[in-house]
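Hi,

Here is the structure I promised to pass on to you. Please have it open while you read the notes underneath.

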Amino acid sequence: MPDALEMVLRGGAATTFLVLAVILLRDGGDRTLARLGALFALSTGWWALNIPPFVLWAHQWAFPLLVVAFGKAAAFWLFTRALFDDDFRMRPQDWVIWGTMVVGGGLWMVSGRLGLPTDWIRVPHQIAQVTLALSAAWIAWRGRGADLLESRRRTRVAFVLISALFMVGITTSYLAPGRPSALVVDLNVIRIFVTGLAMAWLVAGLRTPEIFARAPATATPGVRDLPFIGEASEVRLHDRLRRAMEVDKAFRAEGLTIGALAARIGAPEYALRRLINRRLGYRNFNAYLNAWRLAEARAALADPAQHDVPISTIALDAGFNSLGPFNRAFKAAEGMTPSEFRLEASLRAASPIAESA
């Protein structure tokens, strides 16, 4: 590939990723999703410029930026999780993974500059990048059925393909011993350019308030206590949905999918998705189910007649597959464990104020 064409492709990719970072930060504000997306875009954009005359290796000011760019795979993985998981929160171990990739890349660069062998760190680092890319692809793929945001659902398959194109395609070409061939370098330049355009196209399609809106702090099916206002067809669909959840306790069914629920109430799946998302305010079908399950569990835990019923039994009866997910979901919604909630409910019921009321 002519040097001039390579520079044009790399410069175009870097510019695209820079614009992508600006869009994410502008539209996402202080959201973790926006910051992680910008970190990924800036890391990849800088990596695209990793040739003279854009980056002169003799200039020490470029070294820290190049080292940070080695964290692009981890940033992509974290961005994917934040995009497709509404409950995602950065944990210390997430930063450790990102930092490990950055440090590993730094050791790789230092070893190369000092003329030392690099395979001891290069190969594990590249394998880690492939692993993170495959993990990102799986995250995007596995939750497609329960996602209620149409714009986000449409991007999942494309995101899987981009994961393969961006990380696996580029990384595996460097796993072979020795320096990559000119053909490999040329293919990687083209991959970076195409990936930049593809990511910009995807994010442009995701630039809607629903993607960057904050999910509700607690999910409750409180709409059943309020009058539902909408078009006549929506009202009828909501009545059927409400009957299935309140009366038939459909949420107790193990492995219930939105397709199965739509078939159960005799409604098109797209109409049910739109109702639960746009009218009831849920971004994920599993969150909607868990809201009903938690409401059922809360009522059982506060019921004096069920005081001796094991919490695990209450969780399973409400539709949770095991006690662990139930405890985590309950504490996230209530700020206390099920045992603490039951004790507090018992104390309220036994207090003189409760008796006089």
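Below is what I found on the inside and on the surface.

First, please keep in mind that this is a predicted model.

Let me begin with the interior. The largest nonpolar core has 49 residues, and those touching the most other members are Leu 20, Phe 40, Phe 79, Phe 159 and Met 199. Eight helices give two or more residues each to this core, running from helix 1 (3-28) to helix 8 (182-206). Helix 4 supplies the largest share, 10 residues.

Phe 79 shows how some of these residues meet. Leaving out residues up to four places away in sequence, Phe 79 touches Leu 33, Leu 36, Gly 37, Phe 40, Phe 159 and Met 199. There is also a second, separate core of 25 residues, with Ile 265, Leu 272, Ile 276 and Tyr 282 among them.

Helix 4 also holds Thr 80. Its relative accessibility is 0%, so Thr 80 counts as buried, the cut-off being under 20%. Beyond its neighbours within four places in sequence, Thr 80 is in contact with Ala 136, Ile 139, Ala 140 and Phe 159.

Now to the surface. Trp 138, Trp 141, Val 157 and Leu 161 make up a nonpolar patch there, with a combined accessible area of about 430 Å². Helix 6 (119-142) and helix 7 (150-172) are the elements that give two or more residues to the patch. Trp 141, which lies in helix 6, has a relative accessible area of 34% and is therefore partly exposed, as this value falls between 20% and 50%.

Happy to talk it through whenever suits you.

Best wishes

Key:
Residues numbered from 1 in each chain as written. Predicted model: local features only at pLDDT ≥ 70, side-chain atom pairs only at ≥ 80, totals over all residues. Heavy atoms only, no water. Patch = residues over 30% accessible without salt bridge, like charges linked within 9 Å, V, L, I, M, F, W, Y side chains within 5 Å. Areas by Shrake-Rupley, 256 points an atom, 1.4 Å probe, with all protein chains shown as cover. Salt bridge = Lys/Arg side-chain N within 4 Å of Asp/Glu carboxyl O. Helix = DSSP H or I, 4+ residues; strand = E, 2+ residues; numbered from the N terminus. Buried < 20%, exposed > 50% of the residue type's maximum accessible area, 1.4 Å probe, protein only. Core = buried A, V, L, I, M, F, W, Y, C linked by side-chain atoms within 4.5 Å. Contact = heavy atoms within 4.5 Å.
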